[in-house]
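Biologist: Please take a close look at one part of this model for me, the pockets. Then set them beside the salt bridges and the surface.

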Amino acid sequence: MNLGIDLGGTNIVAGLVDDNCNIIKKMSVPTLAERSFEEIIKDMAHLCNRLIEEAKIDISEVKALGVGTPGAVDNKKGIVLHAGNLGWHNAPIKNELGKYFKMPINIENDANAAAYGEYIACGVDIDDFLFITLGTGVGGGIIINKKIYRGFNGAGAELGHFTLVHDGIHCSCGKAGCWEAYASVSALISQTAEAIEENPDSLMAKSYKSVGEINGRTAFDAAKAGDKAAQRVVKKYLEYVADGICSMVNIFEPEVLLIGGGISKEGDYLLKPIAEYCEKNYFCKNIRQTRLGIAELGNDAGIIGAALAGAAD
């Protein structure tokens, strides 16, 4: 049994995870990110103790504790080097949690933790793995030789921030033309809004007038219903996504690449055109190719990955 914590800007979620990737029990409390670092860590510790108590197990049954946190992480020292949404700089999570728990403690970047959770959930003997999340931004994680790839200073694997279009759309990171600026759900919403303005009689426009908002499903739902303008939006968006994935495969050649995030619920409607695009554009075409798939764990990936990465380390 292992403890996993997914620390977010809104909530702290903790779970007890068995060796088969099953969450036995989980609980959450608000992060209240404006508070001090010490207060947040204290709440994390109290949440874990409540979890153990309500699960009716002894703390001696817990082998390790892992935390997935936003920001750049020095995994060896257990320090969050920088987490902008929490206002943390050089925050010693491992040492602070060590005041409450006498067990191995591992600190991971939250995207790396989620990637490791999805990797373990694959249940197959693979060495190299990539996980891409399509959400407000584009993130993910890399597994090489069964180990999380973190970069030399813990800030590696920012998958959404390679340049897809030189001098392109402005990205939230400050650069222009990042993959995230074209392939995130935020980008899809912008692309949909632009198409609605150009096609006021489309099903997308009617949906917007009815619902009062544009979200990641607006174009997909209208495209499935036969809206030609929406189909053009979806086709172009999926080409942006596939272009980045194709580059990732050409660089890393993982055995498996999984796509997560809310948009992944589109399933084969998302995956099939991405796979077809990639097959046409891979650098090496006459060899066994990376298996593309949809992630399985959803919001639980971070908890499971944090817990099991802690046990592995």
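The reply below goes through the pockets, then the salt bridges, then a surface patch.

Modeller: A caution before the details: this is a predicted model. I start with the largest pocket. Its volume is about 1200 Å³. The lining of the largest pocket counts 46 residues. Nearest the centre lie Asp-110, Ala-111, Ala-114, Thr-133 and Gly-139.

Which elements supply at least two residues each to that lining? There are strands and helices on the list. The strands are E1 (2–7), E2 (11–17), E9 (129–134) and E10 (138–144). The helices are H3 (110–121) and H10 (301–312). H3 provides the largest share, five residues. By residue type, the lining of the largest pocket holds 14 nonpolar, 23 polar and nine charged residues.

Now the second largest pocket. Its volume is about 320 Å³. It is lined by 15 residues. Ser-190, Gln-191, Glu-194, Val-233 and Lys-236 are the closest to its centre. Helix H4 (180–183), helix H5 (185–198) and helix H8 each give at least two residues to this lining. H5 contributes the most, with six. The lining of the second largest pocket divides into eight nonpolar, three polar and four charged residues.

Next, the salt bridges. The count comes to nine. Three of them deserve a closer look.

Take Asp-300 and Lys-26. Their side chains meet in a salt bridge, with N to O at 2.6 Å. Asp-300 sits in the loop between strand E13 (291–294) and H10, while Lys-26 belongs to strand E3 (residues 23–30), so the pair ties together parts that are 274 residues apart in sequence. H10 also appears above, as a supplier of lining residues for the largest pocket. Are these two partners buried, exposed or partly exposed? Asp-300 is partly exposed, at 22% relative accessibility. Lys-26 is partly exposed as well, at 43%.

Glu-108 and Arg-150 come next. Their side chains also form a salt bridge, 2.6 Å from N to O. This pair links distant parts of the chain, 42 residues apart. Glu-108 is in strand E8 (residues 105–109). Arg-150 is in the loop between strand E11 (147–148) and H4. H4 is one of the elements that help line the second largest pocket. Glu-108 has a relative accessible area of 1%, so this residue counts as buried.

The third pair is Glu-266 and Lys-224. The closest N and O atoms of this salt bridge are 2.6 Å apart. Here too the pair links distant parts of the chain, 42 residues apart. Glu-266 lies in the loop between strand E12 (256–260) and helix H9 (268–281). Lys-224 lies in helix H7 (residues 218–224). Glu-266 is buried, at 13% relative accessibility. Lys-224 is partly exposed, at 45%. Beyond these pairs, Asp-125, Asp-127 and Lys-146 are joined into one network by salt bridges that share partners.

Last, the surface. Which residues form the nonpolar patch there? They are Ile-144, Tyr-149, Ile-251 and Phe-252, and together they have about 360 Å² of accessible area. Phe-252 is found in helix H8 (residues 228–252). H8 also supplies at least two residues to the lining of the second largest pocket. Phe-252 has a relative accessible area of 31%, and is therefore partly exposed. Membership of such a patch calls for over 30% relative accessible area and no salt bridge.

Note on methods. Residues numbered from 1 in each chain as written. Predicted model: local features only at pLDDT ≥ 70, side-chain atom pairs only at ≥ 80, totals over all residues. Heavy atoms only, no water. Patch = residues over 30% accessible without salt bridge, like charges linked within 9 Å, V, L, I, M, F, W, Y side chains within 5 Å. Areas by Shrake-Rupley, 256 points an atom, 1.4 Å probe, with all protein chains shown as cover. Salt bridge = Lys/Arg side-chain N within 4 Å of Asp/Glu carboxyl O. Helix = DSSP H or I, 4+ residues; strand = E, 2+ residues; numbered from the N terminus. Buried < 20%, exposed > 50% of the residue type's maximum accessible area, 1.4 Å probe, protein only. 1 Å grid on protein atoms, 1.4 Å probe; cavity = no way out; pocket = protein on both sides within 12 Å on 5 of 7 lines; lining within 4 Å. Points joined across faces, edges and corners; volume = space filled by probe spheres on them. Nonpolar A, V, L, I, M, F, W, Y, C, P; charged D, E, K, R; others polar.
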